[in-house]
Amino acid sequence: MAGKTSKDAARLKQELAELRRREAELESSENLYRRLAEELRREDDLFRSMADSANDAVLVLDEQGSVIYVNRAGESLFGQSADEVIGRHLHETLIAERFRDHPVGAFPSHAAADIEDMLGTVRESQMLGKDGVEFPVEVSISAARSGERTYYITSCRDITQRKRAEEELRESQQRYRDLVENLNDVIFTLDPMGRFSYISPTVERISKYTAEEIVGHPFTRFVHPDDLQGLLAGFERTLGGELEPYEFRVIDKDGEILNVRTSSRPLYKDGELIGLGGLMTNISKRKRAEDELERYRGDLEKLVVERTEELEQANVRLRDSERYYRSLIRNAPDMIDILNEDLTIRWASTSAGRITGYRPEDSYGKSILDNIHPEDASEVMEMFDRVLKDPETPQSITVRYRHKDGSWQYHEAIASNRLEDPAVQGIVLNTRDITDRKRAEQELRASEERYRSLVETSPDSIILTDLSGAVLMVNQSGVSLFGYARAEEILYRNVLELITPEYRSKATESMRTKPEEGTARKEEYSLLRKDGTRFFGEVTAALFRNVEGRPIGFISITRDVSDRKRAEQRLRKLNECFLSLGTDPPENIQRFVLAGRDILEADLIRYGRMEKGGLYVFSSLRADEGFQKIANVEDCLCYHLMSKGAGESVTCKEIETQVLERDPEIRGHGFRSCLYLPISLHGEHVGCFNLLDREDKEYTQVEIDTMAMLCKAIEIEEERYAFNESLRDFVDIASHELRHPVALLSGYTETLESHGAESDELTRQEIIGAIKQSTERISRMVMGLVNVSLVERERFHLYKRRTEIASLVEQTVREMRVKVQGWGFFAEVSEGSGEYEMDPDRIHDLLVILMDNAVKYSPEGSDVEVVVEDGEREVTVSVLDRGIGIRSGNREKIFERFYQVEEAQYHSKPGLGLGLFLARQIVEAHGGRIWHEDRKGGGSVFRFTLPRS
Ligand code: ADP
């Protein structure tokens with residue numbers, strides 16, 4: 001028995017030990033389990049904490065598409081609490097109805113296909129807020145597997161702001177682009193080799209070449225060869241910084257010549273010259289019509305063809321958001337980093353590796369700053385500083401980050417301070433690679449910038465309005481053209497306010513009819529500046545359409561054409577004046593003076609003329625009185641200026657005040673500006689044209705030119721007047737000259753008739769001699785007149801033959817000795833004077849004229865000498881007398897027709913004033929010269945030359 005009991009006890013002991021062991025085992029495994037559970041919870045907390053700290057909304061979906069988690073950012077983004085969302089299907093609550101392309105029940109199968117496809121990509125979508133308002137989001141999805149189950153983790157970022165900014169930028173870019181393309185002018189750019197790198201398609205309208213046919217070819221190929229030099233010089237000046245436009249001719253595809261005007265400016269990129277950009281206007285039509293009146297138009301900007309292509313691409317990307325965003329972020333979901341307080345990386349998500357090229361583990365312990373662009377580092381430091389100081393507010397920043405391959409990426413990061421969160425104890429960084437988007441944005445911005453600067457810097461005023469005429473945009477040239485300081489003063493006002501009331505209905509009408517036409521139209525308007533002054537503007541307005549081609553407003557380009565208008569008015573007034581001219585020169589001069597007053601809007605304009613030592617003035621202030629003789633000549637400004645011999649125009653500032661004050665008409669009127677122009681006839685000042693203004697003004701070149709033109713007209717009238725006067729004198733003198741021999745003739749014939757028979761032979765011979773002399777004198781006069789008439793009609797001919805000059809002179813001197821008694825005639829001929837080609841009869845006449853004059857103007861008993869000097873190329877003949885001589889002022893005039901030094905009314909010597917005129921004609925017809933010199937010891941020397949052949 002005892003044996004059995006001990007056996008049982010041993011077994012019991014054994015079982016107990018076994019139980020204890022198992023108990024202990026159980027206990028330790030329970031501990032383990034508890035520990036494991038604890039750890040698991042902690043990990044879960046970490047995840048939650050990270051998800052909650054993220055600034056992006058994070059949603060976790062199960063395989064059926066029901067929400068099983070939403071973080072705090074998600075609650076505020078969707079405007080619903082976690083309780084409201086969790087457990088409900090995504091489609092019921094957060095997806096806008098039109099995007100619910102598959103029913104709730106079908107989610108698992110679609111999700112399998114679609115979501116798998118979306119994994120690792122970033123998409124744009126529309127989400128729904130609680131209030132029913134849709135907003136755009138950027139979504140990235142990743143999948144997490146737990147045993148058999150799959151969870152989808154969706155991170156959403158509200159991109160409303162960005163979308164709006166993008167939209168605005170795109171609109172603005174489109175607006176400027178349309179603006180540029182709506183301009184009728186041609187925009188071009190040349191590369192440094194002078195080849196077209198871009199030309200706007202509008203070129204086809206003017207040159208018939210398409211843009212493609214031009215791009216890549218040197219500009220020299222299209223320019224008229226005669227204008228090349230000038231154009232090159234123009235470009236040269238442009239590079240030197242001058243921006244004046246220049247005109248030249250181009251040859252179009254059909255070989256026709258076009259006139260164009262271009263303004264260009266150098267294009268720089270990064271400080272380096274990359275070519276020239278310009279704006280080209282076809283001015284052929286204008287050229288023909290109003291060449292000299294047309295004003296400068298058009299400046300330029302740059303447009304490089306590659307850039308336009310880039311822009312196109314950017315546009316395409318924008319339009320097609322899917323393609324755009326695919327290229328924007330290639331399969332890049334966000335990355336998450338946890339940083340220590342010293343900004344070293346403690347943990348990084350695997351996506352970070354894909355984006356930056358570094359394996360996450362390799363980056364642990366390294367500073368986040370290591371790969372940040374040095375220029376951005378300080379900004380990053382400041383951002384972290386803010387994060388550390390203010391843990392409540394997450395901070396976002398965009399930085400440049402170096403990829404492992406050395407290239408720079410743009411990262412958009414949001415940092416949250418979770419240092420106090422026991423589960424995290426670090427700074428959580430959500431980062432997204434936005435390199436492509438940034439680049440596209442930069443391109444778009446650059447292109448917008450280009451278009452904007454093109455419009456902004458255009459020298460023409462460019463105004464953009466909506467269809468009702470409200471100003472939406474005005475460039476700087478427009479602001480200053482209308483006399484404003486800032487664009488804001490014009491913006492949103494109606495464009496009609498810039499037009500004078502009389503022209504508003506025309507503008508309204510034009511705006512009303514424009515939508516049907518569409519093409520640009522040029523019209524002239526009287527426009528208003530801010531200060532109320534008016535000016536004439538040429539307005540080219542065209543309809544402005546949006547991307548779909550719907551009219552949304554007007555673009556108008558305005559140019560100040562006041563100068564042209566004024567010039568037209570001037571021309572009209574001048575024409576009227578010319579048409580009103582009559583036959584009386586002084587009256588015509590008065591008309592010119594008054595026309596000058598009207599055209600130049602002068603306060604006083606007057607004309608003073610010298611006649612027979614007196615000064616006669618016609619003043620616009622006393623127009624009714626006509627020309628008035630001035631009593632105190634010395635006081636008159638005209639006289640003062642004339643006697644000072646001012647040959648050029650003089651202005652008030654150049655005249656001393658006391659001179660101005662002496663003139664009774666000027667004194668006390670407060671004239672401050674003056675313009676003086678002399679009128680001269682054959683080199684002598686005969687009058688003065690004088691303009692005075694009360695305001696202090698600089699006379700423009702146009703005004704000076706107009707005055708000069710009127711002066712020219714007055715000069716012609718003065719010449720006519722002088723001619724008429726001399727003609728009158730001539731008639732007086734001629735009748736006087738004829739009367740004398742005719743009286744002699746009739747006296748002697750009467751004597752012969754009544755006493756002829758009883759007279760002795762001697763007396764009869766004397767009478768006949770006197771009759772002969774008188775007839776000779778008349779016939780000499782008639783011959784002189786005939787010769788003058790021949791000269792006038794250009795029928796004065798020479799019959800030349802080789803003649804010995806010496807013997808011709810000696811023979812004429814012998815004749816004079818016979819003809820004229822009381823004077824001594826001598827010839828002095830150098831040895832071997834040769835033969836010359838000449839008309840001996842004419843040269844004989846010439847010698848007689850000079851010797852007759854020598855006799856006429858020297859006292860009886862004096863000598864007349866003729867000297868012949870043979871030269872190498874010519875012979876010089878001089879006729880010398882001891883007479884009264886000639887004052888130097890008259891030396892040239894004595895060779896004019898009808899000119900006599902002595903005034904007609906005294907006429908003490910016989911003669912018609914024709915002798916020296918004919919003498920000069922004869923000499924000049926032989927190719928020689930004739931002039932007068934004073935003779936030493938008193939008297940005159942008349943010299944003439946004849947060339948040897
Ligand atoms: P006319 O002698 O018929 O008046 P001319 O044409 O011959 O015309 O001469 C023009 C003027 O030139 C004369 O009126 C006279 O005043 C001046 N003249 C010409 N020859 C002389 C001279 N030898 N000495 C002085 N005066 C002269």
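Start at the second largest pocket of this predicted model, whose lining divides by class into 15 nonpolar, 9 polar and 16 charged residues.

**Stop 1: the second largest pocket**

Select Leu 681, Glu 684, Ala 722, Lys 893 and Tyr 899, which lie nearest the centre of the second largest pocket among its 40 lining residues. The space in this pocket amounts to about 1,500 Å³. Next, colour the elements β21 (604–611), α21 (637–643), β26 (684–693), α23 (701–755) and α27 (915–925); each of them supplies at least two residues of the lining. Which element provides the largest share of the lining? Select α23: 11 residues of the lining come from this element, the largest share.

**Stop 2: helix α27**

Stay with α27, residues 915–925, which supplies at least two residues of the lining of the second largest pocket. Display the side chains of Leu 916, Phe 917, Leu 918, Ala 919, Gln 921, Ile 922 and Val 923, the buried residues of α27. Against which elements do these buried residues pack? Add α24 (761–792), α26 (840–856), β32 (930–934) and β33 (940–947) to the selection, for these are the elements against which the buried residues of α27 pack. Then select Gly 927, just after α27, where phi is positive at about 85°.

**Stop 3: the largest cavity**

The whole structure contains 6 cavities of 30 Å³ or more. To find the largest cavity, select Val 495, Ile 499, Val 539, Ala 541 and Ser 556, which lie nearest its centre. The largest cavity has a volume of about 260 Å³, and its lining is made up of 18 residues. Now show β16 (461–466), α18 (501–517), β18 (521–528), β19 (534–545) and β20 (551–560), each of which supplies at least two residues of that lining. With 4 residues, α18 gives the most to the lining of the largest cavity. By class, this lining holds 12 nonpolar, 4 polar and 2 charged residues.

**Stop 4: a sheet of five strands**

Move to the open sheet whose 5 strands follow the order β7-β6-β10-β9-β8, with antiparallel pairing. Select β7 (196–199) and β8 (246–251) to mark the edge strands, each of which pairs on one side only. On average, neighbouring strands of this sheet are turned by 35° against each other, direction ignored.

From the edge strand β8, proceed to β9 (residues 257–269): these two strands are joined in the antiparallel sense over 6 bridges. Which residue of β9 stands opposite Tyr 246? Select Thr 262, the residue in β9 that stands opposite Tyr 246. While the side chains are displayed, a general point may be kept in mind: in a regular strand they alternate between the two faces of the sheet.

Next, select helix α9 (residues 228–239), which lies across β6 (186–190), β8, β9 and β10 (272–282). Relative to β8, helix α9 runs at about 135°.

**Stop 5: the second largest cavity**

Keep β6, β7, α9 and β8 in view and add α7 (203–207); each of these elements supplies at least two residues of the lining of the second largest cavity. Select Phe 196, Ile 199, Phe 222, Val 250 and Met 280 to locate this cavity, since these residues lie nearest its centre among the 18 that line it. The volume of the second largest cavity is about 170 Å³. How many residues of its lining are nonpolar, polar and charged? The lining divides into 17 nonpolar residues, 1 polar residue and no charged residues.

**Stop 6: a hairpin**

Select β11 (residues 335–339) and β12 (residues 345–348), which run antiparallel and are joined by 3 bridges. Leu 339 has Ile 345 in β12 as its bridge partner. The two strands form a hairpin with 5 residues between them, and Leu 343 in the turn has a positive phi of about 70°.

**Stop 7: two single residues**

Select Ser 66, in the loop between β1 (57–61) and β2 (67–70). Is Ser 66 buried or exposed? Ser 66 counts as buried because its relative accessibility is 17%. Add Val 60, Leu 61, Gly 87, Arg 88 and His 89, the residues in contact with Ser 66 when its neighbours within four places in sequence are left aside.

Finally, select Gln 161 in helix α6 (residues 160–182). With a relative accessible area of 62%, Gln 161 is exposed. Add Pro 136: it is 25 residues from Gln 161 in sequence, and their C-alpha atoms are 9.3 Å apart in space.

Notes:
Residues numbered from 1 in each chain as written. Predicted model: local features only at pLDDT ≥ 70, side-chain atom pairs only at ≥ 80, totals over all residues. Heavy atoms only, no water. Pairing = 2+ DSSP bridges. Axes fitted to C-alpha atoms, helices over the stretch in contact; angles between N-to-C directions. Contact = heavy atoms within 4.5 Å. 1 Å grid on protein atoms, 1.4 Å probe; cavity = no way out; pocket = protein on both sides within 12 Å on 5 of 7 lines; lining within 4 Å. Points joined across faces, edges and corners; volume = space filled by probe spheres on them. Nonpolar A, V, L, I, M, F, W, Y, C, P; charged D, E, K, R; others polar. Buried < 20%, exposed > 50% of the residue type's maximum accessible area, 1.4 Å probe, protein only.
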